[in-house]
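Thank you for asking me to look over this model with you. My comments follow as numbered points, and it may help to keep the structure open beside them.

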Amino acid sequence: VCVCVNVSANLSLLLFLFTCACTLTPPDQVYWNSRLHTEHERLVGLLAPTSVVWDMFAGIGPFAVPAARRGCSVFANDLNPTSHHYLVENTRINHVGLVPFNLDAREFVRTMAERAEKQPSEWATDIVMNLPASAIEFLDVFRGLYHGPGRRTAPLPTIHCYGFSKAASPAADMVARAEAVLACPIPTHTVHEVRNVAPGKLMMCLSFLLPAAAAHSPPPPSPAAAAAA
């Protein structure tokens, strides 16, 4: 077990426990990259202490734990059971409060929406999607998520979606790919270049207000229903 120390923006000390990936075999590896600590601090710094955060791919908690320390209400999810285990452990050793989940990311979002219908204070103000290899594909879960009388009045969240781009214009590429999945334009957005991960390949963060055109649209048919039609 390794102990990794990360200093947050307010200089408070956070500890992260995890098992070295070299001692594990897929799919139980946990991902940790100390070179991303600046990005963790940047994004957490955008959050207000009153923010409600849904972290869809929380890993061992590099965003979720500092956000909870900041005072945010955090609901953090990871499908990987090993990552989930260390997310719970890192919550404990840092003496912060968050609600952990061990679900598929789309199931997590739908579960949170059902919870928030009953407890409106749990509607997200910010949603973190830190799975740059494929996070954009998961944006489809937000199409129709706020459809219906019990959800249309809920505030729409800001989504922070990470991705890789090899395009000549990486920012435009991120926006275009997200718009294709959401099936609507994204009028309000910013794109931040996180780092160069390889020659010609950048890690980017697209932050945008979820468009009402996607959120309030009728939900798309499930894959099973579409196949049967």
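1. Does His95 count as buried or exposed? Before answering, please keep in mind that this is a predicted model. At 73% relative accessibility, His95 counts as exposed, and its place is in the loop between H3 and E5. The backbone here also deserves a look, since His95 has a positive phi of about 55 degrees although it is not a glycine.

2. A similar case can be found at Ala183, a residue other than glycine whose phi is positive, near 60 degrees. Ala183 is placed in the loop between H5 and E8, and with a relative accessibility of 54% it counts as exposed, because the cut-off for that word is over 50%.

3. The sheet is the next thing to trace, strand by strand. Seven strands make up an open sheet whose order is E5-E4-E3-E6-E7-E9-E8, and the pairing is mixed. Strand E5 (99-101) and strand E8 (189-198) stand at its edges, and each has a single partner strand, so one side of each is left without a neighbour in the sheet. From one strand to the next, the twist averages 15 degrees.

4. At the E5 edge, the pairing is with strand E4 (residues 73-77), in the parallel sense and over three bridges. If you would like one pair to find on the screen, take Asn77, whose bridge partner in E5 is Phe101.

5. At the E8 edge, E8 and E9 run antiparallel and are joined by eight bridges, and within this pairing Asn196 stands opposite Leu202 in E9. These two strands form a hairpin with two residues between them, where Gly200 takes a positive phi near 75 degrees. Helix H1 (residues 37-45) lies across E6, E7, E8 and E9, and the helix runs at about 155 degrees to E7.

6. Which residues touch the most other members of the largest nonpolar core? They are Trp54, Met56, Met129, Leu139 and Phe142, in a core of 41 residues. Both strands and helices supply this core: the elements that give two or more residues are strand E3 (52-55), helix H4 (105-118), strand E6 (126-129), strand E7 (158-165), helix H5 (170-182), strand E9 (201-209) and helix H6 (212-215). Of these, H4 gives the most, with six residues.

7. Met129 is a good residue from which to explore the surroundings of that core. Leaving aside its neighbours within four places in sequence, Met129 is in contact with Met56, Phe57, Ala135, Phe138, Leu139, Phe142, Ile159, His160, Cys161 and Tyr162. Apart from the largest core lies another one, of 22 residues, which includes Leu47, Phe63, Cys72 and Leu87.

8. How many salt bridges does the structure hold? There are six, and a few of them are worth going through one at a time. The side chains of Glu89 and Arg92 meet in one of them, at 2.7 Å from N to O, and both residues lie in helix H3 (residues 81-93), three residues apart, which is about one turn of the helix.

9. Another salt bridge within a helix joins Arg177 to Asp173, with the closest N and O atoms 3.0 Å apart. Both residues lie in helix H5, four residues apart, again about one turn of the helix. Arg177 itself counts as partly exposed, at 29% relative accessibility.

10. The salt bridge between Arg151 and Glu117, whose closest N and O atoms are 3.1 Å apart, joins separate parts of the chain. Arg151 lies in the loop between E6 and E7 while Glu117 lies in helix H4, so the pair ties together parts that are 34 residues apart in sequence. Arg151 is buried, with a relative accessible area of 14%, whereas Glu117 counts as partly exposed at 40% relative accessibility.

11. My last point concerns the cysteines. What is a disulfide? It is a covalent bond between the sulfur atoms of two cysteines. The count of disulfides here comes to zero. Cys72 is buried, with a relative accessible area of 5%, and Cys184 is also buried, with a relative accessible area of 9%.

Key. Residues numbered from 1 in each chain as written. Predicted model: local features only at pLDDT ≥ 70, side-chain atom pairs only at ≥ 80, totals over all residues. Heavy atoms only, no water. Core = buried A, V, L, I, M, F, W, Y, C linked by side-chain atoms within 4.5 Å. Buried < 20%, exposed > 50% of the residue type's maximum accessible area, 1.4 Å probe, protein only. Contact = heavy atoms within 4.5 Å. Salt bridge = Lys/Arg side-chain N within 4 Å of Asp/Glu carboxyl O. Pairing = 2+ DSSP bridges. Axes fitted to C-alpha atoms, helices over the stretch in contact; angles between N-to-C directions. Disulfide = S-S within 2.5 Å.
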